[in-house]
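Here are some notes to go with your first look at this one. Keep the viewer open and follow the points in order.

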Amino acid sequence: MSYLPNILFVILLLGGGGFFLKNIRKLSRNIKLGKDIDRSDRGSERWGNMARIALGQSKMVSRPIAGLLHIVVYVGFLIINIEVLEIIIDGLLGTHRVFAFAGGLYDFLIGSFEILAFLVLVSVIIFWIRRMILKIPRFWSKEMTSWPKNDALNILYFEIVLMSLFLLMNAADYALQQMGAIHYVQAGSFPISQYIAAILPENELTLFYIERGAWWLHIAGILVFLNYLYYSKHLHILLAFPNTFYANLESQGRIDNLASVTKEVKLMMDPEADPYAVPEAGEEEIVEKFGASDVTDLNWVQLMNAYTCTECGRCTSVCPANQTGKELSPRAIMMKTRDRLEEVGKVIDTKGEDSFRTEGDGKTLLDTISEAEIWACTSCNACVTECPINIDPLSIIIDLRRYLVMENSAAPQELNLMMSNIENNGAPWQYGQMDRLNWKDE
Ligand code: SF4
Ligand code: SF4
């Protein structure tokens with residue numbers, strides 16, 4: 001009977017951990033549905049980016065208030081969860097405050113965790129006020145309804161509950177230590193929870209139930225939080241690191257060429273080239289689709305971008321198209337890509353990947369991203385610059401445009417006219433090559 005809590009704890013841990021691993025496998029499979037792209041170059045630059053942007057949160061501080069609050073929550077959450085290690089060991093072995101042997105260092109750590117937990121609580125409340133009372137516009141745009149809105153709030157409530165349970169657990173523990181209760185070793189320093197202890201009941205058994213209840217709910221809450229991540233924009237807690245590592249390092253204005261098109265153009269421009277020459281071994285043409293109409297046409301980094309998006313809306317708030325009332329929102333592009341990827345993942349769960357790749361499901365990404373959104377983009381890169389975790393919505397827009405132009409011939413009329421002019425006149429204007437310099441005689 002005395003092992004019952006340990007057995008329950010092992011079941012809780014295995015259940016929570018197992019479900020999390022199952023979802024991580026699904027996440028990895030979905031990301032790998034994307035086309036291959038080599039981002040293994042410039043290793044030291046990539047590590048530096050990851051350390052600076054994901055770990056150091058360097059791009060967050062461009063908006064100082066939100067940035068500072070986010071850093072407090074992020075650091076607090078990471079550091080306080082070091083304490084989870086102690087909870088896990090205690091839960092498995094039936095010990096209590098197993099790291100108490102560290103003496104002064106342990107006291108310092110518990111004291112620091114408490115101060116951080118308090119700061120996290122304050123920050124989360126300010127976040128809630130900004131979102132719900134000050135109603136900052138980027139949190140209330142049209143894509144931020146139903147689940148996205150609830151998701152953002154859920155996580156704030158989660159943080160409040162987890163930090164409160166942590167402080168309540170410590171408060172009851174502190175009170176029990178003061179009473180000299182058996183099993184409650186004299187360890188830790190409690191700069192915040194000692195004030196909560198002052199308002200707790202003085203009965204030892206009641207305090208014991210409060211301490212144990214908060215302890216179990218705290219660890220169960222952390223496991224629930226871990227499993228909630230997959231369904232939430234808060235997946236960025238994990239994915240921000242690989243996302244910044246594998247981000248595009250080329251200069252922002254550079255748009256990659258399609259190899260097959262480049263080859264075709266070279267053939268056209270080289271009078272010596274034989275367009276009917278048999279390709280050399282290893283050079284066989286793979287029939288490819290130009291651009292992207294669905295998530296499986298995007299590369300895996302773009303798909304990882306979609307899962308990493310925090311839905312913060314910083315990109316949309318600087319997007320000139322959005323600011324001038326166009327339908328485009330780069331945040332919505334990322335959200336729709338993620339939603340479609342999830343939808344494809346579910347089809348694959350039931351039909352299998354081979355069946356999906358041959359038969360599809362009758363839908364595409366272009367069913368949710370409209371041509372008006374795609375063509376409203378000025379390709380200014382402001383969204384890419386602004387994103388705090390180096391997400392690149394523009395690359396998805398460009399690939400969708402490529403598909404519309406090269407596979408569907410569905411460019412807007414103005415563009416078609418410009419392209420015909422370039423083809424016929426060597427310039428985007430509607431007059432012959434010989435007249436191009438006439439302006440100088442005016
Ligand atoms: S690149 Fe396009 S989507 Fe991004 S900010 Fe500029 S106009 Fe908006
Ligand atoms: S793409 Fe970046 S800036 Fe835009 S909402 Fe997502 S995380 Fe925020």
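1. Start with how the protein chain splits up: domain 1 covers 4-31 + 63-245, and domain 2 covers 259-279 + 287-432. Bear in mind that this is a predicted model. If you want a sense of scale, the C-alpha centres of domain 1 and domain 2 sit 40 Å apart.

2. Next, look at where domain 1 and domain 2 meet. Domain 1 puts 17 residues into the contact, and domain 2 puts in 21 residues. On the domain 1 side, two helices to pick out are α1 (4-31) and α9 (236-245), each of which supplies at least two residues that touch domain 2. Of the elements there, α9 gives the most, with six residues.

3. What is that side of domain 1 made of? Its residues facing domain 2 break down into eight nonpolar, five polar and four charged.

4. Now move over to ligand 2, which has 15 residues around it. The closest ones are worth labelling in your viewer: Cys309, Cys312, Cys315, Arg331 and Cys387.

5. Which elements give two or more residues to the shell around ligand 2? Those are α12 (314-318) and α14 (330-351). The top contributor to this shell is α14, with three residues.

6. Last, the make-up of the shell around ligand 2: count nine nonpolar residues, two polar and four charged.

Key. Residues numbered from 1 in each chain as written. Chains lettered and ligands numbered in written order. Predicted model: local features only at pLDDT ≥ 70, side-chain atom pairs only at ≥ 80, totals over all residues. Domains from an automatic or database assignment. Contact = placed C-beta atoms within 7 Å. Helix = DSSP H or I, 4+ residues; strand = E, 2+ residues; numbered from the N terminus. Nonpolar A, V, L, I, M, F, W, Y, C, P; charged D, E, K, R; others polar. Near = placed C-beta within 6 Å.
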